[in-house]
Amino acid sequence: MKGQFIAVEGLGGSGKTSVLDRMEAQLQQANVPYIRTREPGGTFAAEYLRKLCREGIPDNPGKLDPMTVALLFNAARAENIKDVIKPALQAGKVVLCDRFCDSTFAFQQEAGLKQLLNIHLAAHGDFFPDLTFLLDGDPAIFQKRITPEEMARDQFDSMAMDKLNTARLNFVNLTKYRIHDGSYVLVNAEVNQDQVYAQVLPGLMSVIDFMKKRPKTGV
């Protein structure tokens with residue numbers, strides 16, 4: 001009895017945490033089994049790699065090459081998939097994930113999208129979310145929502161505006177060209193939280209309906 005894998009993607013400040021909190025509450029209300037994880041992260045090793053990816057190497061004045069960062073993200077992803085995501089899906093749960101491979105494809109695209117996709121396929125096989133919500137909007141609006149403390153400890157939140165605009169375009173292009181077979185929902189995240197969630201809810205309710213209608217096993 002396979003579960004459903006949902007990823008929520010977007011730039012920093014797009015409101016992913018708020019959306020995931022409300023999705024989690026909706027699943028609880030519907031009595032649908034689920035877990036929540038994040039990328040990079042989800043396991044002890046992956047959380048260690050998260051700190052390295054997002055904060056950089058201590059006392060190292062230079063930034064890591066995009067390919068180096070992509071490989072670190074994929075290493076963390078391998079841990080999360082093996083120890084958290086796949087076991088939950090095999091147990092018939094919904095998996096809510098804050099970011100997944102599309103963030104790597106969008107932020108590290110200097111390394112080459114084809115190469116990044118090949119790394120994903122080599123490391124994780126044809127494993128992608130069943131449904132991805134992309135919270136889209138103007139990076140300048142999103143940056144105003146990020147606290148100075150968050151900006152200081154996250155090199156992606158504090159990226160130059162031209163790089164954030166490029167990452168946004170990369171995200172949107174992923175939804176257009178369907179780099180993988182999963183479904184996408186493009187969400188206008190410049191509006192208030194209620195309006196954002198109203199765009200997410202129909203897709204989530206489809207997942208809940210699917211989970212409710214699955215044949216029960218072991219009876």
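Start by selecting Asn31, in the loop between helix H1 (16-29) and S2. The model on screen is predicted. Asn31 is exposed, with a relative accessible area of 65%. Its backbone is worth a look: phi of Asn31 is near 60°, a positive value in a residue other than glycine. Most residues other than glycine have a negative phi, and most peptide bonds are trans.

**The sheet**

Move on along the chain into S2 and show all the strands. Five of them, in the order S2-S3-S1-S4-S5, make an open sheet with parallel pairing. At its edges are strand S2 (34-38) and strand S5 (183-188), each pairing on one side only. From one strand to the next the twist averages 20°.

Next, select S2 together with strand S3 (residues 94-98). The two pair in the parallel sense over 5 bridges. Two of the partnerships can be picked out by residue: Tyr34 has Val94 of S3 as its bridge partner, and Arg38 has Asp98 of S3.

Now keep S3 and add S1. These strands also run parallel, joined by 5 bridges. Here Phe5 stands opposite Val95 in S3.

How many residues of S3 are buried? The count is 5 of its 5 residues, and the strand is mostly covered. Turn on the side chains of S3 to see which way they go. In a regular strand the side chains alternate between the two faces of the sheet. In S3, Val94, Leu96 and Asp98 point one way, Val95 and Cys97 point the other way, and all are buried.

**Helices H2 and H3**

Select helix H3 next. H3 packs on the sheet, where it touches strand S1 (4-10), S2 and S3. The direction of H3 makes about 160° with that of S2.

Add helix H2 to the view. Two packed helices are described by the angle between their axes and the distance between the axes. For helix H2 (residues 44-55) and helix H3 (residues 66-90), the angle is about 160° and the axes are 8 Å apart. An angle over 145 degrees counts as roughly antiparallel, so H2 and H3 are roughly antiparallel to each other. The crossing of H2 past H3 is left-handed.

To see what fills the contact, show these side chains:

- from H2: Ala45, Ala46, Leu49, Leu52 and Cys53
- from H3: Val69, Leu72, Phe73, Ala75, Ala76 and Glu79

By class, the residues of this contact are 10 nonpolar, no polar and 1 charged.

**Two more backbone stops**

Go to the loop between S2 and H2, where Pro40 lies. The peptide bond that joins Glu39 and Pro40 is cis, with omega of about -15°.

Then select Arg99, in the loop between S3 and helix H4 (101-107). Arg99 is not a glycine, yet has a positive phi of about 75°. Is Arg99 buried or exposed? At 6% relative accessibility, Arg99 counts as buried, because the cut-off for buried is under 20%.

**Last stop: Asp136**

Finish in strand S4 (residues 131-136), where Asp136 has its place. Asp136 is buried, at a relative accessible area of 14%. Which residues does Asp136 touch, not counting residues up to four places away in sequence? Select Phe142, Arg168, Val172, Leu186, Val187, Asn188, Ala189 and Glu190 to show them around Asp136.

Technical notes:
Residues numbered from 1 in each chain as written. Predicted model: local features only at pLDDT ≥ 70, side-chain atom pairs only at ≥ 80, totals over all residues. Heavy atoms only, no water. Axes fitted to C-alpha atoms, helices over the stretch in contact; angles between N-to-C directions. Helix = DSSP H or I, 4+ residues; strand = E, 2+ residues; numbered from the N terminus. Parallel < 35°, antiparallel > 145°, perpendicular 65-115°, else oblique. Left-handed = near helix turned anticlockwise from the far one by under 90°. Contact = heavy atoms within 4.5 Å. Nonpolar A, V, L, I, M, F, W, Y, C, P; charged D, E, K, R; others polar. Pairing = 2+ DSSP bridges. Buried < 20%, exposed > 50% of the residue type's maximum accessible area, 1.4 Å probe, protein only.
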